[in-house]
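This report describes one protein chain for a reader who is new to structural work. Please examine the sequence and the structure shown here before reading on.

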Amino acid sequence: AQRGVNVYSYPASEFRLTKADGTKDAYWTKLWEAHEGRSGYVQVKEKVKGNKYVEGYFDEDDYTKGLVYRYEPVTIFEKMKKAVEALDQQNVCGITADVGYS
């Protein structure tokens with residue numbers, strides 16, 4: 001929030017529920033099911049190519065033979081913008097997060 005919310009600051013987010021071989025992906029399914037009422041996602045049938053903000057996460061076959069859901073960067077931006085606005089309304093002055101890289 002200190003640096004501002006920018007649509008180019010957020011990469012796409014993908015969840016592979018079923019791998020190309022038909023097996024369930026336990027890790028991504030657990031994350032997917034941890035949040036009820038998801039919205040704004042799309043099912044992806046082919047791997048998106050591009051820069052670090054749009055590139056797909058998984059092997060090409062996972063998209064054509066498995067089940068992958070995706071939030072586009074603009075969707076992540078809109079959801080983050082709403083979250084920051086809600087925190088601002090509550091006069092929150094600091095936010096920290098561990099996104100799994102620390």
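## Overall composition

Of the 102 residues of the chain, 26% count as buried. The model is a predicted one, and every value in this report was computed from it. The accessible surface of the chain amounts to about 7500 Å², and carbon and sulfur atoms account for 50% of that surface.

The secondary structure consists of three helices and three strands. Read from the N terminus, these elements follow the order β-α-β-α-β-α. Among contacts between residues at least 6 apart in sequence, 65% join residues that are at least 24 apart.

## The nonpolar core

The largest nonpolar core contains 13 residues. The residues with the most contacts inside this core are F15, L17, W32, F58, Y63 and Y71. Four elements, β1, α1, β3 and α3, each supply at least two residues of the core. Strand β3 gives the most, with three residues.

W32 illustrates how such a residue is surrounded. Leaving aside neighbours within four places in sequence, W32 is in contact with F15, L17, R38, Y41, Y69 and Y71.

## Aromatic rings

A pair of aromatic rings is described by the distance between the centres and the angle between the planes. The structure holds 13 aromatic pairs. One of them is formed by F15 and W32, which meet edge-to-face, with 5.1 Å from centre to centre and 65° between the planes. This pair links distant parts of the chain, since F15 is in strand β1 and W32 is in helix α1, 17 residues apart. F15 counts as buried because its relative accessibility is 8%, which is under the 20% cut-off. W32 is buried as well, with a relative accessible area of 11%.

F15 also forms an edge-to-face pair with Y71, with 6.3 Å between the centres and 80° between the planes. Here too the pair links distant parts of the chain: F15 belongs to strand β1 and Y71 to strand β3, and 56 residues separate them. Both F15 and Y71 are buried. In addition, F15, Y27, W28, W32, Y41, Y57, F58, Y63, Y69 and Y71 form one aromatic cluster.

## Two buried charged residues

Which residues do the side chains of D25 and R70 meet through polar contacts? D25 is placed in the loop between β1 and α1, the helix of residues 26-33. D25 counts as buried because its relative accessible area is 5%, under the cut-off of 20%. A polar contact of 2.6 Å joins the side chain of D25 to that of R16. A polar atom of the D25 side chain also lies 3.2 Å from the backbone nitrogen of W28. Not counting residues up to four places away in sequence, D25 touches R16, L17, T18 and K19.

R70 is located in strand β3. With a relative accessibility of 0%, R70 counts as buried. The side chain of R70 makes a polar contact of 2.6 Å with the side chain of E14 and another, of 2.9 Å, with the side chain of E72. When neighbours within four places in sequence are left aside, the residues in contact with R70 include A12, S13, E14, G40, Y41 and V42. Also among them are V44, V48, V54, E55 and G56.

## Helix α3 and the residue that follows

Helix α3 spans residues 73-89. How many ångströms should its 17 residues span at 1.5 Å a residue? The expected span is 24 Å, and the end C-alpha atoms are 24 Å apart, which agrees. The buried residues of α3 are P73, T75, I76, F77 and V84. What covers these buried residues includes strand β1, residues 13-18, and strand β3, residues 67-71.

N91 lies in the segment after α3. Its phi is positive, about 60°, although N91 is not a glycine. Is N91 buried or exposed? N91 is exposed, because its relative accessible area of 67% is over the cut-off of 50%.

Conventions. Residues are numbered from 1 along each chain as its sequence is written. This is a predicted model: local features need pLDDT of at least 70, side-chain atom pairs count only at pLDDT 80 or more; totals for chains, interfaces and linings use all residues. Side-chain values use heavy atoms; hydrogens and water are left out. Buried means under 20% relative accessible area, exposed over 50%, partly exposed in between (1.4 Å probe, protein chains only). The expected span of a helix is 1.5 Å times one less than its number of residues. Contact means heavy atoms within 4.5 Å. A polar contact is a pair of N or O atoms within 3.5 Å; within protein, one must be able to donate a hydrogen and the other to accept it, and residues adjacent in sequence count only if both atoms are side-chain atoms. A nonpolar core is a set of buried Ala, Val, Leu, Ile, Met, Phe, Trp, Tyr and Cys residues joined through side-chain atoms within 4.5 Å. Accessible areas come from the Shrake-Rupley method with a 1.4 Å probe; for residues, only the protein chains shown count as cover. Rings of Phe, Tyr and Trp (its six-membered ring) pair if their centres lie within 6.5 Å; planes under 30 degrees apart count as stacked, over 60 as edge-to-face and the rest as tilted.
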